[in-house]
Amino acid sequence: MNDESWSPPSVLLTVDLVVLTLRQRLLCVLLVERGEEPFSGMLALPGGFLNHDGEAILDAARRELSEETALDAGQLHLEQLATYGDAGRDPRGRVVSVAHLAIAPGLPEPLAGTDAADASWVPVDSVLSGQVGLAFDHSRILAEGVERARRKLEFSPLATAFCGELFTIAELQQVYEAVWGVELDTRNFYRKVQAVKEFIVPAGSGRRTTVGRPARLFRAGPRTELSPPLVRPLPSPTEEEGGGTDVERSGGDSHRPQPRV
């Protein structure tokens, strides 16, 4: 039966950004201190409402990224993560957020946006462990963004988005270790990376990082999928008991499993 008195519910749309980078070999996320209610004074992911009803969602994400980091979205990795629309997630009303994952190497100190009191890089582990709380449902969004990055490191060349244009295999290994939260065997990692053709390609002369022969430089290759994949190591029993990362679980002894990459 048609109900002529029915009208669609009022729903607001926002974009939120999980901006990840490596700082001093730690995986860090960009957080802002909210300067307005709700949750004034709490940390949150950068983001905001659409400027107007004609603004495309991706354009809104790019705009927010530029305002929070002063970076051109075309110069870094940006992808849509997921949509979050649970009732009650925002005390201002029914607010749906389209979250995006952004990754770039060596991002500078951030500047607070118009509605933020401060902005800073915070180690991801401090948020995932619960030491640092976030406003709204942003802890969930961050956790799912980090897990997206962890999974894509296995099957895609996403790790190179954390590196500069030129990088060494040792620097690439640091990305995997920081994002996965594990230590990897250097020889195994070198062998696995070199086994994936066109994942990375040589880039001329090397860079001297220590006394001895300069380290070879590489750049991202044309490969869009890693085959064979670089599989994440299984978590140790301690990590499983503490929640750890959301990776494949299996039984085993009480010893830390050996890295498989």
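Is Arg151 buried, partly exposed or exposed? With a relative accessibility of 45%, Arg151 counts as partly exposed. Here are some notes to help you find your way around; please keep in mind that this is a predicted model.

1. Let's stay with Arg151 for a moment. Arg151 forms a salt bridge with Glu147, and the closest N and O atoms of the pair are 2.9 Å apart. Both residues belong to helix α3, where they sit 4 residues apart, about one turn of the helix. The partner, Glu147, is buried, at a relative accessible area of 9%. Buried here means under 20% relative accessible area, so the 9% of Glu147 falls within that class.

2. A word on the background may be welcome. Side chains of opposite charge can pair when their charged atoms come close. In this structure there are 15 salt bridges, and the next points visit some others.

3. Helix α1 (residues 57–69) is a good place to look next, as it holds both Glu67 and Arg63. Their side chains meet in a salt bridge, at 3.6 Å from N to O. The two are 4 residues apart, about one turn of the helix. Glu67 is partly exposed, with 41% relative accessibility, while Arg63 is buried at 16%.

4. That pair also has company. A network of salt bridges links Glu55, Arg63, Glu64 and Glu67. If you are exploring the model on screen, Arg63 is a handy starting point, being one of the residues in this network.

5. Another salt bridge joins the side chains of Asp86 and Arg140, at 3.4 Å from N to O. Asp86 is in the loop between β5 and β6 and Arg140 is in helix α3 (residues 138–155), so this pair ties together parts that lie 54 residues apart in sequence. Both ends count as partly exposed: Asp86 has a relative accessibility of 47%, and Arg140 has a relative accessible area of 42%.

6. Finally, which residues does Asp90 touch, leaving aside its neighbours within four places in sequence? They are Pro38, Val95 and Phe136. Asp90 is found in the loop between β5 (77–84) and β6 (95–103), and it counts as buried, at 5% relative accessibility. The side chain of Asp90 also makes a polar contact of 2.7 Å with the side chain of Arg92.

Terms used. Residues numbered from 1 in each chain as written. Predicted model: local features only at pLDDT ≥ 70, side-chain atom pairs only at ≥ 80, totals over all residues. Heavy atoms only, no water. Buried < 20%, exposed > 50% of the residue type's maximum accessible area, 1.4 Å probe, protein only. Polar contact = N/O pair within 3.5 Å; in protein donor to acceptor, adjacent residues only side chain to side chain. Contact = heavy atoms within 4.5 Å. Salt bridge = Lys/Arg side-chain N within 4 Å of Asp/Glu carboxyl O.
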